[in-house]
Amino acid sequence: MNIVLFGPPGSGKGTQAARLKERFSLRHVSTGDLLREAVAAQSDLGRKVEGIMASGELVSDDIVLELIKEAAEATKNDAASEGWMLDGFPRTIAQAEGLTALLDAEGDKIDAVVVLEVDRDAVIERLSARRSCPECKAVYSLLVSPPATEGVCDKCRGTLVHREDDRPETIANRLDVYERQTHPILEHLEGRVAIHRIDGTAPVDEVSRAIEAALT
Ligand code: AP5
């Protein structure tokens with residue numbers, strides 16, 4: 001099964017991806033994680049995209065499509081998985097078209113799009129309270145799932161960070177960018193692929209159950 005996890009910043013895509021990955025044996029590809037790794041490594045790519053990400057704007061389609069091609073190539077012989085899950089991609093109509101072309105060439109397709117619906121106020125509240133582990137990618141919420149020790153990752157003991165783009169003014173821009181450039185993809189995909197709209201404001205376990213029910 002191949003799925004796209006879709007939704008505004010902070011809607012819970014990463015949180016649900018960590019669960020769905022195990023439940024359905026999927027390869028998880030997050031363009032946000034790939035870009036943050038490049039920034040952390042201060043590679044040429046990382047230096048190029050750092051400022052764009054910090055401002056909440058989108059990295060160029062060319063760069064992101066190239067990352068997706070590399071990720072697909074690197075994981076295509078992964079016999080342990082039963083499909084893939086894209087998180088944070090596609091984010092523009094051009095990326096959606098690029099993905100379709102890539103899949104057509106491989107004789108592959110998207111089976112379902114899962115949309116996590118969360119309103120603007122909830123996103124601002126959540127992202128202000130999010131803490132992330134740059135080492136193992138674990139995500140915490142100071143509101144609903146705080147770490148056992150403040151500032152320390154329960155899983156790998158790494159130091160938790162408040163992401164640079166989780167500042168209030170950047171969150172607002174990310175939400176605007178989502179409405180303007182990303183949300184219209186749903187209209188573009190309507191009728192071509194199954195789209196499951198899930199209430200992302202419910203507690204995490206309930207959201208997981210609703211997604212599983214939609215996909216099985
Ligand atoms: P990216 O990393 O993809 O960020 P995003 O899409 O903005 O999503 P987030 O990671 O902020 O949130 P999430 O939906 O994963 O929520 P989470 O599970 O963490 O992109 C970052 C940047 O990279 C972009 O702005 C852009 O610059 C660039 N980029 C990336 N992909 C790109 C692309 N394809 N094209 C161009 N540029 C690209 O949850 C959030 C918080 O809420 C956490 O604290 C969590 O614990 C909590 N939470 C989760 N679920 C619940 C719940 N049900 N109830 C209460 N709290 C919850």
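This report walks through the cores, a helix pair and several individual residues of a predicted model.

## The main core

Let's start on the inside. In soluble globular proteins, nonpolar side chains tend to be buried together. Here the largest nonpolar core has 29 residues. If you want to find its best-connected members, look for F6, V49, V59, L86, F89, I110 and V113, which have the most contacts inside this core. Plenty of elements chip in: strand 1 (3-6), strand 3 (84-87) and strand 4 (112-117) each supply at least two residues, and so do helix 2 (31-41), helix 3 (44-55), helix 4 (61-75), helix 5 (93-106) and helix 8 (184-189). Helix 4 gives the most, with six residues.

Now zoom in on V49. Leaving out residues up to four places away in sequence, V49 touches L35, V39, V59 and I63. Another core, of 15 residues, lies apart from the largest one. Its members include I3, F24, L26 and V114.

## Helix 2 meets helix 3

Two packed helices are described by the angle between their axes and the distance between the axes. For helix 2 and helix 3, the angle is about 115° and the axes are 8 Å apart. Helix 2 passes helix 3 in a left-handed crossing.

Who does the touching? On the helix 2 side you'll find G32, L35, R36, A38 and V39, while helix 3 brings L45, G46, V49, E50 and M53. Sorted by class, this contact has six nonpolar, two polar and two charged residues. V49 turns up here as well as among the best-connected residues of the largest core.

The loop between helix 2 and helix 3 is where Q42 sits. With a relative accessible area of 34%, Q42 is partly exposed. We'll come back to the backbone of Q42 below.

## Two aspartates, two settings

D165 sits in the loop between strand 6 (139-141) and helix 7 (168-182). Is D165 buried or exposed? Its relative accessibility is 11%, so D165 counts as buried. Its side chain makes a polar contact of 3.0 Å with the side chain of R163. Setting aside neighbours within four places in sequence, D165 is also in contact with M53, A54, T170, I171 and R174. M53 is a name you've met already, as one of the helix 3 residues that meet helix 2.

D119 is also in a loop, between strand 4 and helix 6 (120-128). Its relative accessible area is 46%, so D119 is partly exposed. The D119 side chain reaches two backbone nitrogens: that of D121 at 3.3 Å and that of A122 at 3.0 Å. As for D119 and D205, they are 86 residues apart in sequence, with 19 Å between their C-alpha atoms.

## Backbone oddities

Most residues other than glycine have a negative phi, and most peptide bonds are trans. This model has a few places to check against that background.

One is the peptide bond from F89 to P90, which is cis, with omega near 0°. P90 belongs to the loop between strand 3 and helix 5, and F89 is one of the residues with the most contacts inside the largest core.

Next up is S25, in the loop between helix 1 (13-24) and strand 2 (27-30). S25 isn't a glycine, yet its phi is positive, at about 50°. At 27% relative accessibility, S25 counts as partly exposed. Q42, too, has a positive phi, near 55°, and is a residue other than glycine.

## Around P9 and V123

P9 lies in the loop between strand 1 and helix 1. A relative accessible area of 7% makes P9 buried. Not counting neighbours within four places in sequence, P9 is in contact with V123, L127, R174, L175 and Y178. Although P9 and L175 are 166 residues apart in sequence, their C-alpha atoms are 6.7 Å apart.

V123 is found in helix 6. How much of V123 is accessible? The relative accessible area is 0%, so V123 is buried. Beyond its neighbours within four places in sequence, V123 is in contact with P9, V118, I171 and L175. V123 and I171 are 48 residues apart in sequence, with a C-alpha to C-alpha distance of 8.3 Å. I171 is also one of the contacts of D165.

Conventions: Residues are numbered from 1 along each chain as its sequence is written. This is a predicted model: local features need pLDDT of at least 70, side-chain atom pairs count only at pLDDT 80 or more; totals for chains, interfaces and linings use all residues. Side-chain values use heavy atoms; hydrogens and water are left out. A nonpolar core is a set of buried Ala, Val, Leu, Ile, Met, Phe, Trp, Tyr and Cys residues joined through side-chain atoms within 4.5 Å. Buried means under 20% relative accessible area, exposed over 50%, partly exposed in between (1.4 Å probe, protein chains only). Helices (H or I, at least four residues) and strands (E, at least two) are DSSP runs, numbered from the N terminus. Contact means heavy atoms within 4.5 Å. Axes are lines fitted to C-alpha atoms, for helices over the stretch in contact, and angles run from 0 to 180 degrees between N-to-C directions. A crossing is left-handed if the near helix is turned anticlockwise from the far one by less than a right angle, and right-handed if clockwise. Ala, Val, Leu, Ile, Met, Phe, Trp, Tyr, Cys and Pro count as nonpolar, Asp, Glu, Lys and Arg as charged, and the others, Gly among them, as polar. A polar contact is a pair of N or O atoms within 3.5 Å; within protein, one must be able to donate a hydrogen and the other to accept it, and residues adjacent in sequence count only if both atoms are side-chain atoms.
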